[in-house]
Amino acid sequence: MKKKEFKTESKRVLDLMINSIYTNKEIFLRELISNASDAIDKLYYKSLTDRKVKLDKDDFYIKVEVDKNDNTLTVRDNGIGMNEEELENNLGTIAESGTLLFKEENKNKETECIGQFGVGFYSAFMVSKEIEVISKKFGDKKAYIWKSSGVEGYTIDETTKDDYGTTIILHLKDDTEDDIYSKYTNEFTIEGLIKKYSDYIKYPIKMNLTHEHEDKKSGKTETHVHEEVINSMIPLWKRNKNEVSSDDYDSFYMDKFYDYEKPLKVIHSSVEGKVSYNTLMFIPSKAPYDFYSKDYEKGLELYSNGVLIMEKCGDILPDYFSFVKGLVDTPDVSLNISREILQQDAQIKIIAKSIESKIRKELETMLEEEREKYEEFFKTFGINIKFGIYNGMGQNNDNLKDLLLFYSSKEKKLVTLKEYVERMKEGQDKIYYACGQSIDKIDLLPQTEKLKDKDYEILYLTDYVDEFTLQMLQKYSEKTFANISGENADIDSKEEKEELEKANDDNKDMFEFMKKAINIKGVRFTKKLKNHPVCLTSEGNVSVEMEKVINAMPTDERISAEKVLEINENHPIVNKLQTLYKKDKDELEKYTKILYAQARLIEGLPIDNPTEISNMVCELISK
Ligand code: ADP
């Protein structure tokens, strides 16, 4: 019998467990029972898919035993069991997934969060001074015993065991002033813990419970011991909604999906029809830590009659709802279904459609009835909805358009497109929007001033995908969208337009000269501005904002908006320009360049020739 060392990683976690000041130590039992249940799942699955293995579902069980005299707690299962190598690999090294989460997320708060993670088996060291694992793998002849009293290491030896499966014996720590470990030998404490944490485990968890009876004749108290099944075994999602408390849902979610926060929304429903299924889905409060990385895999767990057949079924969840966590349980797909076949599966397609509409309706209801909550949701996952529209190439427009929110210049908060359209001014036929890095910056754009003055509502687009999303939508309730920095955002009356046209015509030659000086699409007067001298607008489909977004991407793609320099018709600079055009064209060229540079800066675009501009400014102010 040679003592072996734990892997370094495991040592760290183990050390944490042994010296844990974590108050919620009781979760160790849940972890052991979950492991037992997983081990039974594995064997049950084998019996379903391998004809040579004949086992009856009803024979599976987990048994928990307490012994006050020995101060031990034992968890027994008749699952798949482990051979020597598996004992070595599984218990000598902590499970990869658990460790990773632990390292990334909890450098500082290690001890508080133990319960949130599947640290699994090792958590038993929080309450034990020594652990024995006796296991015999299904189909094998030999049994093995793994023993450890903590960080010093462990031993593995051959032993005997009648049946396949695993028995875990915890030798509990001695009581201290702060921690009473002997309570884990109390039947009622353990019974309570099983009900609390493991009620939905689908195999019976049995215990011997002592009952006291008073014998009527003799008056003596007699004790009887009965074996009883403690858990209800009905998975949470198969229970009636009114039998499940919100605490049940929350802790189920946090345990299963490793979140510290309660879900924002729980969706629990049961559908009967062409295809029947139960679903329990959650919208997280915060985006999962890897949500925006390419490793994030969307999907729901897929169960067939309570047996897990796929951990991440992506085909039942549209990309734009990829943040939803949860599961689907249906008797209508076969256990042996493979990933490839699944995609073609007609039943799965029906379920996917129904799930999509279920989530969407929940969100619509939340928007209507719990506005604040919805806004919280939208701040976290709104970008997913926007990308859903953009990537859907028109296909998702109808499904998602009413889930969008944008900041409103008028309401000073997030509004829906429906709300915008409902309060549009008489005669207004466009939905106005402006783009920029932040609400404040957009507010300061020269163009917004005049529109606000005329009492138009403007949507402020601050996400880089926003404008692309609107372009994909094209219209909302027959109203087109207009960027207030674009050519089609005119709000002037017929007379005003004619007047402007004339002024532009009268100065045509000067503008032609100026345009050549800065090499852009055009220069003209505008009535859009109130106080500012100039602004930059665009013609065609590519807006200035889009140019910024696309050019900032790490691809080679470069686009350029067709820019127009617009000059405030009522600004004193106009006289100056007209005089220079008559008297000093060289000077006009400089003025033009400076005005154009100003307009670019206001829009947040770089200037190509900063030295030249700065020299010219200096020259002018020193005059
Ligand atoms: P996790 O359950 O998160 O994988 P654990 O540390 O709890 O991590 O368990 C490590 C591994 O040990 C399990 O993945 C499983 O393969 C094996 N194991 C644990 N308990 C049992 C058991 N009762 N029966 C069979 N295998 C088990």
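## Salt bridges, a helix face and a ligand shell

The side chains of Glu-547 and Lys-563 form a salt bridge, with N to O at 3.0 Å. Here a salt bridge is a side-chain nitrogen of Lys or Arg within 4 Å of a carboxyl oxygen of Asp or Glu. This is a predicted model, in which local features need pLDDT of at least 70 and side-chain atom pairs count only at pLDDT 80 or more, while totals for chains, interfaces and linings use all residues. Residues are numbered from 1 along each chain as its sequence is written, and side-chain values use heavy atoms, with hydrogens and water left out.

**Exercise: a buried pair**

Find the elements that hold Glu-547 and Lys-563, and classify the accessibility of Glu-547.

*Solution.* Start with the elements. Glu-547 sits in helix α18 (residues 544-552) and Lys-563 in strand β22 (residues 562-568), so the bridge ties together parts 16 residues apart in sequence. Helices (H or I, at least four residues) and strands (E, at least two) are DSSP runs, numbered from the N terminus. Now the accessibility. The classes are buried (under 20% relative accessible area), exposed (over 50%) and partly exposed (in between), with a 1.4 Å probe and protein chains only. Glu-547 has 7% relative accessibility, so Glu-547 counts as buried. Lys-563 also has a relative accessible area of 7%, and is buried.

**Exercise: a mixed pair**

State which partner is buried and which is exposed in the salt bridge between Glu-587 and Lys-623.

*Solution.* Take the distance first. The closest N and O atoms of Glu-587 and Lys-623 are 2.2 Å apart. Glu-587 lies in helix α20 (residues 585-603) and Lys-623 in the segment after α21 (610-621), so parts 36 residues apart in sequence are tied together. Glu-587 is buried, at 10% relative accessible area. Lys-623 is exposed, at 65%.

**Exercise: a link between distant parts**

Locate both partners of the salt bridge between Asp-174 and Lys-129.

*Solution.* The N to O distance is 3.0 Å. Asp-174 is in the loop between β6 (165-172) and α6 (187-198), whereas Lys-129 is in strand β3 (residues 128-136). The two are 45 residues apart, and the pair links distant parts of the chain. Lys-129 is partly exposed, at 43% relative accessible area.

Next, widen the view. How many salt bridges are there in total? The count is 45. One network of salt bridges links Lys-63, Lys-206 and Glu-227.

**Exercise: a helix face**

Work out how the buried residues of helix α1 are arranged around its axis.

*Solution.* List them. In α1 (residues 8-18), Ser-10, Val-13, Leu-14, Leu-16 and Met-17 are buried. Look down the axis of α1: these buried residues fall within an arc of 155°, so they line one face of the helix. The arc is taken over directions from the helix axis to the C-beta atoms.

**Exercise: the ligand shell**

Identify the polar contacts to the ligand, then name the helix that gives the most to the shell.

*Solution.* A polar contact is a pair of N or O atoms within 3.5 Å. An N or O atom in the Asn-35 side chain is 2.7 Å from a ligand oxygen. A polar side-chain atom of Asn-90 is 3.3 Å from an oxygen of the ligand. Phe-121 uses a backbone N or O atom, 2.8 Å from a ligand oxygen. The protein buries 81% of the 530 Å² that the ligand exposes when taken alone. Those areas come from the Shrake-Rupley method with a 1.4 Å probe. Finally, the helices. α2 (27-49) and α3 (84-92) each supply at least two shell residues. α2 gives the most, with four residues.

Conventions. Polar contact = N/O pair within 3.5 Å; in protein donor to acceptor, adjacent residues only side chain to side chain.
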